[in-house]
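Please follow this walk through one protein chain with the sequence and the structure at hand. It begins at a single residue and works outward to the sheet, the cores and the chain as a whole.

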Amino acid sequence: RVTKSRVVMSATEASAFGAETFAEGNWYHELLEDGLALSYRVEEVLYQGASEFQEVEVVRTVPFGSLLITDGLMQSSEHDEYVYHESLVHPALAAHPNPKRVFIGGGGEGATLREVLRHPSVEECVMVDIDGDVVNMCREHTPFYSAGAYDDKRARLVIGDAKEGLANEPDASFDVIIMDLSDPLDGGPCYQLYTTDFYRVLSEKLAPGGIFITQSGCASVRDAHHVFSPIHHTLKQVFPKVYGYTMCVPSFTSEWGFNLAVKDVDQDLSGEAVDETLKARGLDMRFYDAISHRRMFALPKPLRTLIENETRVMTVDSPLFMCDTSTHQGIYEDE
């Protein structure tokens, strides 16, 4: 919520707590959890609207350029989205020797599709997103995300439910499946796509040697227990080998987690051949290379311990959530 900030406290208290920072200009406030909020100074509101599924805003901020916000949650920023999207896409596609057919669930802003289509071996990328209004809004107001990817003849965009869209595809038909979904939230639309029920369906859609990757929420040493480690353990109930990895995305103010799963336990995810593979494919990434790969997969001791000791399994009947959607509301009242 973009507001002209007002903090209810005495002038002395306000000065002591730095509230004068918000005395001028417009600010967007996101309450991350009880006692922790993030504030961005807003230069311009580029778009405000609502689709059938969610409220959507695009605002230009001082620190991160344009932000895409849905239901009060910052989803992506102009200045560092490439860190997230290269981390999501390329470890899987670079590990596959010849990725030809790729499925994306979610990813409405188009940046995941953009990164997939950089690989020349890809013959078709099927992207299924439930919210066509967000897709169209991003094409109009944030075209830097898709960068023309929707116009690529290899792209097949389907507006609909990702679970149903994937279920309707033939078995063993995708080399890589990527889930670029919103976090599993209580009251949100995506939590069923983080469960054993869905992962069993998904595993049947992978071709031999296929790779699955999903974004997995916050993954710092203080918050990885919410969904990162449960997603990892849930995937282990379906796949014989699962790799967790993280990367710092500055605008997310956290390490961000990803989980990658394979059906072939001999699949090489060491990253040793990443630079050679990218060069052979004519790719020069802004962020991802062999050294970055090693850093991403080198989890710190607290996360390794967390994964080793995790016992929770996410099912449709027993889901886990990052947080309640009611948490994410503006924390200061309008003037």
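Leaving aside neighbours within four places in sequence, His-225 is in contact with Pro-230, Leu-306 and Arg-312. The model is a predicted one. His-225 lies in the loop that connects β11 with α8, the helix of residues 228-236. Is His-225 buried, exposed or partly exposed? Its relative accessibility is 33%, and because buried means under 20% and exposed means over 50%, His-225 counts as partly exposed. Along the chain, His-225 and Ile-307 are 82 residues apart, yet their C-alpha atoms are separated by 8.7 Å.

Strand β11, which precedes that loop, belongs to an open sheet of seven strands. The order across the sheet is β9-β8-β7-β10-β11-β13-β12, and the pairing is mixed. Which strands stand at the edges? They are β9 (155-159) and β12 (241-249); each has a single partner strand, so one side of each is left without a neighbour in the sheet. From one strand to the next, the twist averages 15°. The partner of β12 in the sheet is β13 (residues 254-262), and nine bridges join these two antiparallel strands. Within this pairing, Val-242 stands opposite Ala-261 of β13. Helix α7 (residues 196-205) packs on the sheet, where it touches β10 (174-180) and β11 (206-218). The direction of α7 makes about 145° with that of β11.

Another pairing to look at is that of β5 (residues 65-70) with β6. These strands are antiparallel and share four bridges. They form a hairpin with two residues between the strands, and Asp-71 in the turn has a positive phi of about 50°. Thr-70 has Leu-73 in β6 as its bridge partner. Strand β6 (residues 73-77) is mostly covered, with four of its five residues buried.

Helix α4 (residues 132-141) comes next. At its start, a side-chain oxygen of Asp-131 reaches to within 3.2 Å of the backbone nitrogen of Asp-133. The buried residues of α4 are Gly-132, Val-134, Val-135, Met-137 and Cys-138. What do they pack against? Their partners are the strands β3 (36-50), β4 (55-61), β5, β8 (124-129) and β9, together with helix α5 (143-146). Thr-142 sits in the loop between α4 and α5. With a relative accessible area of 1%, below the 20% limit, Thr-142 is buried. Apart from neighbours within four places in sequence, Thr-142 is in contact with Val-58 and Met-137.

Cys-138 of α4 is buried at 1% relative accessibility, and Cys-218 is buried at 17%. How many disulfides does the model contain? The count comes to zero. A disulfide is a covalent bond between the sulfur atoms of two cysteines. For a pair to be counted here, the two sulfur atoms must lie within 2.5 Å.

A charged residue can also be followed into the interior. Glu-81 is found in helix α2 (residues 81-95), and its relative accessibility of 6% makes it buried. The side chain of Glu-81 makes a polar contact with the side chain of Arg-114, at 3.0 Å. Not counting residues up to four places away in sequence, Glu-81 touches Ser-76, Ala-111, Arg-114 and Tyr-145.

In soluble globular proteins, nonpolar side chains tend to be buried together. In this model, the largest nonpolar core has 53 residues. Those with the most contacts inside it are Leu-113, Val-116, Cys-125, Ile-178, Ile-213, Leu-260 and Tyr-288. Helix α2 supplies the largest share of this core, nine residues. Val-116, leaving aside neighbours within four places in sequence, is in contact with Val-89, Leu-93, Val-102, Ile-104, Val-122, Cys-125 and Ile-178. A second, separate core has 24 residues, including Val-126, Leu-202, Val-227 and Val-242.

The totals for the chain complete the picture. The secondary structure comes to eleven helices and 13 strands. Of the 335 residues, 55% count as buried. Among contacts between residues at least 6 apart in sequence, 67% join residues at least 24 apart.

Conventions:
Residues numbered from 1 in each chain as written. Predicted model: local features only at pLDDT ≥ 70, side-chain atom pairs only at ≥ 80, totals over all residues. Heavy atoms only, no water. Buried < 20%, exposed > 50% of the residue type's maximum accessible area, 1.4 Å probe, protein only. Pairing = 2+ DSSP bridges. Axes fitted to C-alpha atoms, helices over the stretch in contact; angles between N-to-C directions. Contact = heavy atoms within 4.5 Å. Polar contact = N/O pair within 3.5 Å; in protein donor to acceptor, adjacent residues only side chain to side chain. Core = buried A, V, L, I, M, F, W, Y, C linked by side-chain atoms within 4.5 Å.
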